Each structure stands twice: as C-alpha cells, then as structure tokens.
Amino acid sequence: MVQSAKPVSPIWCPGCGDFGVLAAVKRAAAELKIPTHELVLVGGIGCSGSIHNFLEINGIHALHGRLLAQAVGVKLANPGLTVIAAGGDGDGYAIGMGHFIHAFKKNASILYIVMNNETYGLTKGQASPTSQIGFEGNVEPPFHSILTALSIPAPNFIARTFSGDPKTMTAILAEAIRFNREGRGFAFVEDLSPCVTYNDTYKLWREKVLDVSKVPDYDPTDRKKMFRICLETTEQGRIPIGVMHRPKEAGRDGLETKLVGERKGPVRTDISLASNLEAYQKLLAGLS
Amino acid sequence: MTTPAARTTPIAEATGPTEPRAPMELSDLSVMIGGQGGDGTLTVSDLLGRYFRKQGLYVYTSRNVLSRIRGGHADASVRASHDPVAAVKSQVDVLVAFDNEAVEMGRAELENHGFIIYDSTTFHSDLPNSAGFPFATLVGGPLGQPIFKNTAAYGALSVLLGFDVESTRSVIQERFKRRGGEALEKNLKALEIGRHAALEAAGVPNRFSVVSGDAHDQILTTGNQAVALGFVVGGGRFFAGYPITPATEIMEYLQRYLPAFDGVVRQAEDELAAINMVIGASYAGARVMTSTSGPGLSLMTEGIGHAATAEIPIVVADCQRVGPSTGQPTRNEQSDLSHLANLGHGEYPRFIIAPSTPVDCFELTVDALNLAERWRVPVILLLDQALCQNTSTSARFDLSKAHLDRGKRLTPEAVAALQQYKVYELTEDGVSAVAPPGTPGVWSEVTGNEHDEWGHVSVNPANRVRMMKKRMEKMVKARNDLPPSRLFGPPDAKIGFIGFGGTSGPIVEAMQLLHARGVPTRYLQARTLYPVPAHELEPFLQSVDVAYVVEHNYTGQFARLVRETLPWHHAKLRSILKYDGYTFRAPQIVAEVKEVA
C-alpha cells in the first residue's frame, strides 16, 4: 500500500456545524462504497472550504469563490470521478455568485455543498450574503439560495439540510452523490451550519426549521409547488429544509454526458502522436 | 440612398491615360479594399489572397475593422509578393473603395502609379487614375441584391490586374462551395458582371500584371488557427474560454476540431470561470489551454498565480490588443508584457514565449503544452492582434517535428512501485512526480496555500523557504529547455535589432531595405521573453554597437526587461516604439535607425 496524504485535524471550533458535514460526507461515501482514489473534493476558501484536509480524499483547495469552475473542469475532464465542491456562504453567494448561478445551468454532475452559517467566520464575524438584517449592522435582506436555485429551470437536485440533524443530512448527501454518479446532473445541498463563535444559531434554527416533506402537497418533482412552499414557509418565519427538487425523469442530463458520453474524454483518451497521426494529417491537409 | 438607374449611368467613368500601353509588372503589390463594415471588404481580400496563393505568391493580408458588426469604416489589405513577406506594405498599388471615405483614407498611401477602382453607385471621384463602376446597381438588378457588389469588384480587379480567368473563377468556387447552390451561382454571376464592366473601361484591362511565384506548397492561415491546430496536435484536450477580440477564433476553431479527438471545449461565463475550469481539468490530468486578451487576462491573473503555486500546468494564450481597459479591441499592440512578467500578487514562476509566424504559433503551442507539464509552471503564449488575425502564406505544419513530453506524470504501474506519494516532493529539478486523481491506490492534497510536501497547509518558515525555492528556481533550471531565440543577418553587423512576435516581419523587411542601402544589420528575435534569455542577449549585445528594441507599446516593455537583466548594456539599447494601433511598416523602422544618413 502506497502511503498517501493523511487527513489532518480540523481547524474548526468545537461544536462547529461543519463537523456534521464532515461526518455525513464520510458516511455517505462509505455507504456508496466509492473508492478513495475516485473521490475528488474541491474546497473553497473559508473555514468550511478546508474540509478536504480532514478527509482521506483527493483534495484540491480552490481560489475564493472559484471552486465550482474548478469542480466542473475536473468532472468534464474525467467524468469517471465523483466530484464534490464544498465551501461557505460567502464563498458561494458573494464572490462566487456568477459561478453559482451558472452551475445550475451547466448541470455538470457534481455535488455542491454550501455550509451556510450566515457569517464570514474565518475573518471573524462580518455579515455575509445570508446574514439577517441587523446582524453586524447588516441592512441588506438575506439571499435565499433555495428560491434562487428553484428559479433556474434545469434538472438539478436541490436540497437543504441542518447540521443539527446529521442523520437526514447523510441520507440527502448520499442521494445527491448517487444522483451525480448516475450522470443526472448538478446537485446542490445547502447545509445550515451554525458558527458557534460568531453566529451561534443552533437553538434558533432548531426551532425554526421545517421539514418540507411534512407539508401537505409536498412534491419535489413539482418546481412551482415547491417554490410556493419554500416562499410561504420563509415568509412565515420558518426555514424550509429537505429535498426541494428532484427531477421527475431519471435521465442522464449531466453536462459531461452531453459532452463526453460513452467516450473516454479529455483525460483518458490517448493523446499520443502515433495513434492520432492519421487524423492529424487529415486535419492539416484540410488547410489550403 | 439614391440608386441611379443602370441604363442612365455610364458603366465606367474612367479618367487617366486611355491609349493602349504595356501592363506594368508588379512583383510585390498591395491592394487595399475599403468601405463600410458590411460592404464585404474582407471577402474581397480573402478572394484576392486565395488567387495570389494559387499563383505561387507569398501573401499577407491584414484587416482594419471597428469593434462593431456593421457600419463604420473598414478596410483590408492584401499584399502579394514573389519573395516571402510577413508585414503590411507601406504603399498601396490598387485601392478598391466602396465609399468616398475609403478613397480619402486610402489615397494618402497610394503609389504614384497607383490606381483606384470605386463603386460609383453613390459618389463620383475626380481623382486621376481611377475608374468608377456602379457595382451595387450593376449586381442589384440581375441578382436582386446589392450585396454581391464586392464580388463584382473582385471581378473588375481581376481585369485590372490581368488575372487568369479560370483561376479567378475557381477562387469563387472554392470560397463559396460550402454555402453552395444559389450563393455560389450568384457570386459567379457577380464576378462576370464586374469583369465585363471593367473590360469595357478604357485604361483598366491589363493595366498591371502580377508575376507568378514558386511558393506553391504554402497554406493561407492565421496565428489563431495555427495555435488551435498546435493545441490539438500537442495533445490538448480541454479548452475553456470567453469570447474576446482578437482571441475568439482560437476557441471557435477548437469547437470545430476538438470533439473529434475526444476533447471538450467550453465557453465559460467569464474569464474567471474559464481559467479555473482549465485548472480543474489540468488537475484531473488533461492537457489544457485558455485564450484571452488584455481585459480577460486581468481577470485570469488570479487563477494563473493559483496554478503556479498549486503547480498545476496550464497554457494561457494572450492575444494582445490595445489596452488598458477596453482600449481598442481590434487594434494591434504588444503592451501586456510588463504585466505578464510581473503577473499577479506574490512571486511565482512563469514562462512567456512568443511566436512570430503561423509555423511558430503551431510549434510553440506544442512546446508550451510540453513545458507546462514538464515543469508544472504556467506558460503564457504571447501573441498580438496582427499575428492572431492577419492571414499569411505559411509552410505546411510539420508533424514530424512534433513530440509530446508529459514530464514526470506517474503511470498506475509507477505508482504501485512507490513507498509514498508526496505530490509536492522536493526534487533536484524542483518538479514533483504527479499522478492524476483516479489513479488506483493514491490520493493527494493540492492547494494554493503554502504547503508541505504532502500538500498540507504549512506556515513553517523553513518549509516556506524550501517551497519558494522549489518553485522559483524552475525559471533558472528550465533555461535550456525554453524556446531559443532566432538570429538573422550577418554576425559581424554592428547595428542590431531586438524584437518578438508580430514585429518580426517588418524588422526582417527593414533589414532588407537597409541591406540594399549598404547597411548590414542583425536581428535577435526572442522567442522566450521571460525568464529573459540573458544567455542569448549577452553575446548578441556584445557583438553590436547599438541595438534597437522594436515594440508596439509606449514604454518599451521588452527593452526595460533587457536593461534590467543586462544593465551593463544600457547605453547600447534604443527603442523603436509604435502604439497607434497599426503595425509597423518596414520603412518606418528604417527611418528610426539613426546611423543611416
């Protein structure tokens, strides 16, 4: 057995919501029996983005806000890999917002976990795009990732979990990764992950979360209905959690399927001159 | 717009000598075609380029368009020569004008013997040596649309220049065969309309004749196309980019070429995404590239530094245009060099290599892919608008010269023999052996944070020093691996030129002009700009009394780098600079050489 990089101890504060995600990712990967060498985790910048350091995994630490672009690049280059991108709410919804929106549209079969703590923890507690009005002088209304996600008409898997409920989180992450591995497209899971130091919301969120699957009429294949449910529960001061969108058709709609499909793709294809010589000669002969 | 009736308008209004005369033979001619954007000036230039190439001539075409889809003055020029050329000719032999603005703009550059063919549909010119034909009206009647006026103008030109009729037609067939049917038929008719009008005009038929040449095994291509082909042959299989003039064609060619080779091309949402997508794909093990121009390069700067520190190989083609900000998107400049040499915050290695011809573009793109993987360093392929978009004849690209070197990439078999897999292992040459994710039995941590050999984040000062040296010293250790400079001219010449990229064509032509005046000069064409090739510049600068560094920028960016690297040659270095958006014409360089009385 070759010795590879060993996980290091988390840098997180005791009680951090991100521990829940770390445990759930481990359990989901084990449950799906994904070989370690086929797992790639692209981390963002911030406390949550360091998660790859604490796992036995192919970890790549991206630039702030750019983890989705890198994760899509990994997946399109080698669709055989299972690719998870993980970062925080500042990383994804502020500096990375452009890539966030486009990730739904691109629909590459990768999982994006946003650990939302409604603050910039690593830089010591500034307001983030999801902060409530009044938090650290914040006057802007919080960004609602789930409503945004639901507004983009693409066959994505969309869910929200809560670090206070690790069991449901593991089940949802496992479903999301399975969704990816079936080549069905982009999976977005926002985890409500309290920052015990700068925004300890465990108690508040435990009171406010509402499992949408308990709502009468719940149908995650019906985008319109789920948008209404999420909007109404939010307006009622509750925080909807659970699976918000699960495409009706189990089609292989992932971007990598459209671009690579059953072919080998950029990494696995043979690029040697010898085996491509005839095709290259033909290509160059076309010049006049 | 008034459209004169074809019947009442004289078919030709020619002024100038009318008595029959022997054609004037041209062995190096320039045709300029001007009009409004949308008039089809580029099509005429394309047709002429194809014709001249068929005659075995060397061809160089350039375009002067505005950053808009239609309207505004646009012109194109075609140069055809018996001898190799890679620059715009300073004077124009024939001007084709679709409006009076084109006449006004072009006449200043007209040779004494120059002749103007213009579309007299909307204006009349009293200039001597000109002939007006109402092309738009002539084609508008029989073909239903005035847009074929450009092909009619090509027909008139073919008569003026004494073209072979069959070759003139076959160029039309070649150009429009893909669109086929009606388009081809109407263009052939427009050609005949233009030809017949010109044949009846006094002083026009066979006014000139063009020599034929022996450059038959040449192709007509652009730097952008050559880069795209070099990428494919170099094993590039993942490309992401964002549309930007003058780089876009690289992406467009690859969209055509790459899918057949199992490659992927993505148009990203912005340059930040493009650079990070290629970083992700390279990390996964693909050979990658992105292409951009100034504004996009600014956005990509963040990613390039990340790739250098995380030691992920990438190639970035920078098709320079006039900057800063949006600048002049369709105009030529070489002003990104200082930015690239100092690219980004912090310190990291980078190789900047600069091709000067389509063949160079092809070969150095293959080299760039090899260098990036062998040294795990970002490689910038530095191009300029003229090189990217101007069409020129070129030798066919030689596959036998190409080779692929993936450096210390670990195969699954090599991995199995390892005791431990450290992705940033310290080695003699600073390059660590890497296995792409998915290789059975191993995994790794890759990061843009400072890290130890395992890829774990580290703030240890001794480790920081080791890792900085590992990365930075690659620029020294790779020196003999980087594309060498080229030397032109006699070694004992005491006047030197230094240049790179698109200025090479004009410099070589200026040397010929100087040689004809009895002034020997030599030229060092740098193909690696950074790290500055001191080992090549030192003997060159020792050999000359004065060296003119020829660049398209205001501050003399390469001259500054050379001075900084070889300060003891400070007194010998002079700059010849041009930053008006146009490329050098050879006489402009000659005029700057003070030693020539």
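Begin by selecting strand S23 (residues 546–551) of chain B together with S24(B), which in this predicted model run parallel and are joined by 5 bridges. Within this pair, Tyr548(B) stands opposite Arg574(B) in S24(B). Now add helix H19 (residues 557–565) of chain B, which packs on the sheet and touches strand S20 (495–499), S23 and S24 of chain B, its direction making about 140° with that of S23(B).

Widen the selection to the whole sheet, which is open, has 5 strands in the order S19-S21-S20-S23-S24 (chain B), and shows mixed pairing. Its edges are strand S19 (486–488) and strand S24 (573–577) of chain B, each of which pairs on one side only. On average, neighbouring strands here are turned by 25° against each other, direction ignored.

Next, show both chains: 54 residues of chain A are in contact with 62 residues of chain B. Strand S2 (58–61), H2, H4, helix H10 (265–268) and helix H11 (273–285) of chain A each give two or more residues to the side of chain A that touches chain B, and the residues of that side divide into 27 nonpolar, 22 polar and 5 charged. Select S2(A) with strand S18 (residues 445–447) of chain B, which pair in the parallel sense over 3 bridges, and find Gly59(A) opposite Glu445(B).

Finish at helix H4 (residues 97–106) of chain A, where the buried residues are His99(A), Phe100(A), Ala103(A), Phe104(A) and Lys106(A). Because these residues cover an arc of only 165° around the axis, they lie on the same side of H4(A). Their cover includes helix H3 (89–95) of chain A and helix H9 (271–283) of chain B. After H4(A) comes Asn107(A), with a positive phi near 65°.

How values were computed
Residues are numbered from 1 along each chain as its sequence is written. Chains are lettered from A and ligands numbered from 1 in the order in which they are written. This is a predicted model: local features need pLDDT of at least 70, side-chain atom pairs count only at pLDDT 80 or more; totals for chains, interfaces and linings use all residues. A residue is buried if 20 or more other C-beta atoms lie within 10 Å of its own, exposed if 12 or fewer, and partly exposed in between; C-beta atoms are placed from the backbone. Helices (H or I, at least four residues) and strands (E, at least two) are DSSP runs, numbered from the N terminus. The arc is that of the directions from the helix axis to the C-beta atoms. Two residues are in contact if their C-beta atoms, placed from the backbone, lie within 7 Å. Ala, Val, Leu, Ile, Met, Phe, Trp, Tyr, Cys and Pro count as nonpolar, Asp, Glu, Lys and Arg as charged, and the others, Gly among them, as polar. Two strands pair if DSSP finds at least two bridges between them. Axes are lines fitted to C-alpha atoms, for helices over the stretch in contact, and angles run from 0 to 180 degrees between N-to-C directions.
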